[in-house]
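Me: Hey, I've got a model open and I'm not sure how to read it. Can you walk me through it?

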Amino acid sequence: MKRRNFMASSLTASALALTRRSSLQAAQGAAHKDGREFYQLRRYHVITGPQRKLCDDFFRDVLIPAVSRLGIGPVGVFDLSIGPETPSIYILMPSTSAETLATVETHLAQDAGYMKAGAAFLNAPAKEPAFDRMESSFLQAFEKWPKLVPPAAAKTRSPRIFELRIYEGATDQDHKRKVEMMQSGESEIFAKNGFEQVFYSDTLIGTRLPNLTYMLAFDSMADRDKKWAAFRASDDWKSYSTQPRWAFEPIVSNITNLILTPTAYSQI
C-alpha cells in the first residue's frame with residue numbers, strides 16, 4: 001500500500017473512532033439525567049453441529065457470569081426461529097454504562113477466570129471455529145422507555161417467544177419522527193392490546209442507519225397473531241397512524257421482523 005493511501009486510511013479510521021467515542025460520551029451524559037440503559041445486540045451465525053454446543057456452553061457457563069460481574073444484565077440469549085440466516089443466536093446485553101458495554105471485550109480479556117473457563121470457545125482453531133460470523137449493534141433506550149422490562153414468563157421459565165423489530169428511516173428526519181411516534185402514543189396502543197413490551201431503542205452504532213429497534217414478548221405465535229390483528233384493527237391505531245404528523249410521507253422505509261425463542265438459560 002502506498003504511504004499516502006495508508007496515511008489517509010489511518011486518519012479516516014482514527015476520525016471514525018473519535019466520532020464514535022464522542023457520540024457515546026454524549027449519549028452517556030444524556031442518559032445519566034434520565035436513567036436510560038444502553039444495549040449491545042449481537043448476532044452469532046453458527047453452523048449446525050459442534051458449534052452449537054460450544055456456543056451454548058460458553059454463553060451459559062462463561063459469558064453470562066462474566067458480564068454479570070461487570071454489572072451487565074439480565075442477559076437474553078435467543079435462537080432465531082423465523083428470519084434470515086438461520087441458525088443464528090442473538091444475545092442482548094443491557095447496561096446503564098455506555099463505556100462498560102462498549103469496552104466489554106477489553107474488560108473480559110482482563111478477567112483471568114473468564115479467559116480460562118472460555119478457552120475452548122475463545123481459542124478455537126480456524127479449522128473448527130466457534131462460530132461463523134458475529135455482528136454487533138450498540139443501542140440506546142428511548143427516553144420514555146428507559147429500561148428493559150423482561151416478560152412475566154421469564155421469571156417462571158414459562159413458554160414465550162419474542163419479536164425483534166427494526167425500523168429503518170428513509171431519512172434522518174423520518175427516523176426521528178418515527179421515534180417520536182412510538183414514544184408519543186404507539187406504545188400505549190400496544191399496551192391497550194395486551195402486548196408485553198420488552199425494550200425500545202435508537203441504534204447509535206450499527207448497520208443500515210438510521211434505525212430503531214424494539215422487542216415484544218408473546219406466549220406463542222398464536223398469541224402474537226391475535227394481538228397484532230387486534231392492534232391493526234383498533235380504532236386507536238387507525239386514528240393515530242393517520243394523523244398528518246405521521247402520515248405526511250412513508251417515514252419507515254424498511255422493516256426487519258425476527259421471531260426469537262429464548263434458550264433454556266436466557267435471563268430474559
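Me: Let's start with E6. Is that strand mostly covered or mostly open, and how many of its residues are buried?

Reply: Mostly covered: seven of the ten residues in E6 are buried. Keep in mind that this is a predicted model.

Me: OK, and which strand does E6 share four bridges with?

Reply: That's E4, residues 133–141, and the two run antiparallel. E6 itself covers residues 196–205.

Me: Which residues face each other there?

Reply: Gln-140 sits opposite Asp-202 of E6. Phe-138 has Ile-205 in E6 as its bridge partner.

Me: What about E7, how many bridges join E6 to that one?

Reply: Six, and E6 and E7 are antiparallel too. One of the residue pairs is Glu-196 with Ala-217 in E7. The two strands make a hairpin with five residues between them. In that turn, Arg-208 has a positive phi of about 55°.

Me: What holds strands together like that, anyway?

Reply: Strands of a sheet pair through backbone hydrogen bonds, and they can be parallel or antiparallel.

Me: Zooming out, what do the eight strands build?

Reply: They close into a barrel. Going round, the order is E1-E3-E2-E8-E5-E7-E6-E4, with antiparallel pairing. On average, neighbouring strands of this sheet are turned by 35° against each other, ignoring direction.

Me: And how many helices are there in the chain?

Reply: Eleven, alongside the eight strands.

Me: Which strands does helix H9 lie across?

Reply: H9, residues 221–233, lies across E2, E5, E7 and E8. It runs at about 120° to E7.

Me: Switching topic: how many aromatic pairs are there?

Reply: The structure holds 24. Take Phe-142 and Tyr-200: their ring centres are 5.7 Å apart and the planes are at 25°, so this pair is stacked.

Me: Why does 25° make it stacked?

Reply: Because the cut-off for stacked is planes under 30 degrees apart, and the planes of Phe-142 and Tyr-200 are at 25°.

Me: Where do those two sit in the chain?

Reply: Phe-142 is in the loop between E4 and helix H7, while Tyr-200 is in E6. They are 58 residues apart in sequence, so the pair ties together separate parts of the chain.

Me: Are they buried or exposed?

Reply: Both Phe-142 and Tyr-200 are buried. They also belong to one aromatic cluster, whose members include Trp-145, Tyr-167, Phe-190 and Trp-237.

Me: Now Ala-170. Where is that one?

Reply: Ala-170 is in the loop between E5 and helix H8, which spans residues 172–192. Its relative accessible area is 47%, and that counts as partly exposed.

Me: What does Ala-170 touch, leaving aside neighbours within four places in sequence?

Reply: Pro-250, Ile-251 and Ser-253. Ala-170 and Ile-251 are 81 residues apart in sequence, yet 6.1 Å apart in space, C-alpha to C-alpha.

Me: What share of the chain's contacts with a separation of 6 or more comes from residues 24 or more positions apart?

Reply: They account for 80% of those contacts.

Me: Last one: what percentage of the chain counts as buried?

Reply: 44% of the 268 residues. The accessible surface comes to about 13900 Å², and 55% of that belongs to carbon and sulfur atoms.

Conventions
Residues are numbered from 1 along each chain as its sequence is written. This is a predicted model: local features need pLDDT of at least 70, side-chain atom pairs count only at pLDDT 80 or more; totals for chains, interfaces and linings use all residues. Side-chain values use heavy atoms; hydrogens and water are left out. Two strands pair if DSSP finds at least two bridges between them. Axes are lines fitted to C-alpha atoms, for helices over the stretch in contact, and angles run from 0 to 180 degrees between N-to-C directions. Contact means heavy atoms within 4.5 Å. Buried means under 20% relative accessible area, exposed over 50%, partly exposed in between (1.4 Å probe, protein chains only). Accessible areas come from the Shrake-Rupley method with a 1.4 Å probe; for residues, only the protein chains shown count as cover. Rings of Phe, Tyr and Trp (its six-membered ring) pair if their centres lie within 6.5 Å; planes under 30 degrees apart count as stacked, over 60 as edge-to-face and the rest as tilted.
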